[in-house]
Structure formats: structure tokens, C-alpha cells
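Colleague: Hey, have you got a minute to walk me through this one? I'd like to get a feel for what sits inside and what sits outside.

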Amino acid sequence: MRLLLTAYLPLALTSLLLGALLTLQSFEHRRFTRSRLHRADGRRFTGRTVVFIPCKGLDLELEQNLRPLLTQQFPNYEVRFLLEHAEDPARPVIERLLAEHPGRGRILIAGRAEDCGQKVHNLRAGTAELPADVEALAFADSDARPGPHWLASLTAELAATKFGAVSGYRWMIPLRATPANLLLSRMNNALTPLFSCRAVQLLWGGTWSVRREHFEAAEVREAWQGTLSDDLVACRTLAGRGVKIDFEPRCVVASPIDYTWSGACEFISRQLIITRVYAPRWWALGGAGMLVNVLAFWFGLALLLASALGAIEFSWLPAVLWGATTGLTLLRGWWWQDAGRASLRDSGLRQSLPARFLELSLAPFGDLLGSACLLHSAFRRTITWRGITYRLYPGGRCEIVTPRSESVFVSVNSQVEARRNDRAA
């Protein structure tokens, strides 16, 4: 027992310390979110704004996601839908929405990428020529659903001189309470408190804005050349020029998901590989913390079970440490869930209370899945993203290593439609 405690105590104490720090951050995130949501701020940004939305294929509930972008409570804006080619399956959906809201937006055909990610290529094409009167740029993803005041909130802080960019984050809402969906949503949503940390500047590419002068002075468009990640590169470039990034809880956007096990694992591994290449310190620190938590939880649980079965002598210390760490995990999970629920009050999407409890109870399994994907990402440098396979190199340069296959892309869309039809039936 003495040997087991010698091995377990450093892990448990480190995990407890990390848990305490993360719990404090979750409390601060919840406090900040509620404070910002209840704040009566008279700031309004009224400059002309262009919203850029890269689209590829039929995302889950695509029409419901895109419609709010054309009906924003904002006086002076235009939406540009960025497509790779004119035959993209998303085009008929977009054209139908544009017909309902004439003059609000247009489609731009970017063409195929040759030396960078297709999304980055679309963004570079969309931001290449901006009208002289454009004062701000906003970015959204086609798999997320903003509320009606999203753009007004996303640009409000740009009216002040303190912040040059504003970001929200993605909040995943499982359409079915399957283990794969719940584990993925828990792993994604648990990162939300990091965005309110005053010491760290982060932005997520699916909901952010920037003043035009900062975008051009920092040469973000030029920095995107030859890369795969739009948000990590933009964040690094803007922060390097001293541009402060604000987190806006009102701009946390709902993202409906319905993944299979293989799809969820592919998504997690892809995000981790991209993070390892473009933010290696974050990948290393986050990965180390995740591995410590996994080892401490399962090692402690094994000790408790062994002592209960009489295989080893009982010791109160592992029980106290394991209970305290698990309690902190549940507490901070409830806090960031509460903050997320408040942020999404205008989105029209809600996660049921039983699903929220299930998501909290699956925390140890989420860390276990994340650790497996983390180890997998440590030895991979190729990813497949929307039917295109890329190879990533140190420094962030990417290479397209397989030709585009429309049949693969249509197959993915067919699976989405099949699941949607099953739910309707």
C-alpha cells in the first residue's frame, strides 16, 4: 500500500491542483458571462460590416443555420457566402435564402485551393477586394446557428478603442443523446471557460470580428497563405501586432451535431493535430493536464475498488483525494453548462436536462477518449477535412496530398440526410 500511495499521491495532488485552478476559471467564466449578459451597454458599432461564411456541402440543418445570418438586427451589413465551385450542394439552399432576402448577400465562387486549406482559400478570395466603406469584417461557420443580435453583439466592442477584435465560441448541441455525441459535446463545451481568461487571447473562426484597419495592418490575409487553420493563424497574427481580442458571451453560437463514433474520433483527432502544429504549447500543456487527470482518476478508482474487495489495505487518503477531484470536475462542469445555457438563450436550440446530467457523468470517459486521440495526434501529420486530405508541416505549411473526391463528399451528405430522415420518421 505504501508503494501504491507513493505512485498515486503525486498524480492525485497535481490533478487536484489543476482541478482547483480550472474550477476557479469556470467560476470566473460564469460570473463574467452573467455580468456581460445583464450589462446595459450603450455601445453600438454602426460602420459597414461584411460577414464571410465559407460553405462546403450540406451541413446538418444548414438552412436553419444560415437563415439567421440574413436577418440580423444590424443596420448596415452584407453577407458573402464563399463556395469552392458553382456545383456545391449548399448553393441551392443559399440561393433560396437569398431570394427570400434580396440585397442582403451574394455568393462568391473562390475556386479550388492549390497550396492551402480550402476554407482558408475561400476566406482569402472573399477578403481580397473590399469596398472602401467597409469598416469591419465578421466571420461565421455554416455549421453554427447565431441568434438575431449576434452581429450587433459581435461588433459592439469594436466601437471602443480598447479591442480590435471580438470572438465568441461554439457550443455543441447533440440532436441525439448518444454516447458519441455527448462525449464530443462535453469535450468541446468544456473549453469555453478558456475564452474568458484575461491572460490569454483566443478566437474561434466560426464567430469573430475585426476592425478592417487591424485586419489589414496585421496582414492576416497574407498570413493565411499556405496554411490550414484560419483562426489560430489569425489569433497569432493579431496578438503579435498587439491587437486585443475580447470574448463576447452573447456570441457563443449553437452548433447542432449528430456524429457516429468514427466521425467523433476523426473530429477530435483533426482538431488536436491542427492545434499541435499551430499552437504546440497549448497542445502540450493541455495534453499533459488531460493525461494527468486520466491517470489520477482511474488509478484512484482502482485503489478504491481494490480496497473495497479486500485486495489491499484501505487508506482514507486516496478516497479523499479522488472524491475531491471528482467533485471539482462535476462542479466546474455544472458552472460552464450554466454559463453556456445563458449565452444560448436566443439561439432556439436547447439541451435537455437529462442530456446535461449525462454529459457531466461522462467526464472521465471524455478525458479517456481525448487522451487516446491526443496520443494518436502526436504521431500524425495528415488530416481529412470535408473530403480533402492535407499534410501539415512544422511551421504550419500545408499540402494537399489527394485529389478532391466529390463522391466522398456526397456520401457524407447522404449520411446526414439519412439520419435526418430517420429522426423525422
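Modeller: Sure. Let's begin with a word we'll keep using: a residue is called buried if its relative accessible area is under 20%. Also keep in mind that this is a predicted model.

Colleague: Okay, so is Ser185 buried or exposed?

Modeller: Ser185 is buried, because its relative accessible area is 0%, and the cut-off is under 20%. You'll find Ser185 in helix H6.

Colleague: And what does Ser185 touch?

Modeller: Leaving out residues up to four places away in sequence, Ser185 touches Met172, Pro174, Ile257 and Glu359. Glu359 belongs to our next helix, H13, which covers residues 353-361.

Colleague: Nice, let's go there. Which residues of H13 are buried?

Modeller: Ala355, Arg356, Glu359 and Leu360 are buried in H13. These residues cover an arc of only 140 degrees around the axis, which puts them on the same side of H13.

Colleague: Why would residues spaced like that point the same way?

Modeller: An α-helix has 3.6 residues a turn, so residues three or four places apart point the same way.

Colleague: What covers the buried residues of H13?

Modeller: The cover includes helix H6 (179-189), helix H12 (316-343) and helix H14 (363-377).

Colleague: Switching topic: how many residues of strand E2 are buried?

Modeller: For E2, residues 77-83, it's 7 of 7. Tyr77, Val79, Phe81 and Leu83 are buried on one side, and Glu78, Arg80 and Leu82 are buried on the other. In a regular strand the side chains alternate between the two faces of the sheet.

Colleague: Which strands pair with E2?

Modeller: Strand E1 (residues 48-54) pairs with E2 in the parallel sense over 6 bridges, with Val50 opposite Glu78. E2 is also joined to strand E3 (residues 105-109) by 5 bridges, and those two run parallel as well. There, Phe81 has Ile107 in E3 as its bridge partner.

Colleague: What do E2, helix H3 and E3 make together?

Modeller: A right-handed β-α-β unit, with H3 being residues 90-100.

Colleague: Last thing: how many cavities of 30 Å³ or more are there?

Modeller: The count comes to 3, and the largest cavity holds about 90 Å³ of space. Its lining includes Trp171, Ile173, Gln337 and Arg356.

Colleague: Which element gives the most to that lining?

Modeller: That's H12, with 3 residues. Strand E6 (170-174) and H12 are the elements that give two or more residues to the lining of the largest cavity. You've met two of these names already: H12 helps cover the buried residues of H13, and Arg356 is one of those buried residues.

Terms used
Residues are numbered from 1 along each chain as its sequence is written. This is a predicted model: local features need pLDDT of at least 70, side-chain atom pairs count only at pLDDT 80 or more; totals for chains, interfaces and linings use all residues. Side-chain values use heavy atoms; hydrogens and water are left out. Buried means under 20% relative accessible area, exposed over 50%, partly exposed in between (1.4 Å probe, protein chains only). Helices (H or I, at least four residues) and strands (E, at least two) are DSSP runs, numbered from the N terminus. The arc is that of the directions from the helix axis to the C-beta atoms. Contact means heavy atoms within 4.5 Å. Two strands pair if DSSP finds at least two bridges between them. A crossover is right-handed if, with the strands pointing away from the viewer, the path from the first strand over the helix to the second runs clockwise. On a 1 Å grid over the protein atoms alone, a cavity is a set of points where a 1.4 Å probe fits but cannot get out, and a pocket is an open set with protein on both sides within 12 Å along at least five of seven lines; lining residues have an atom within 4 Å of a point. Grid points are joined across faces, edges and corners, and a volume is the space filled by probe spheres set on the points.
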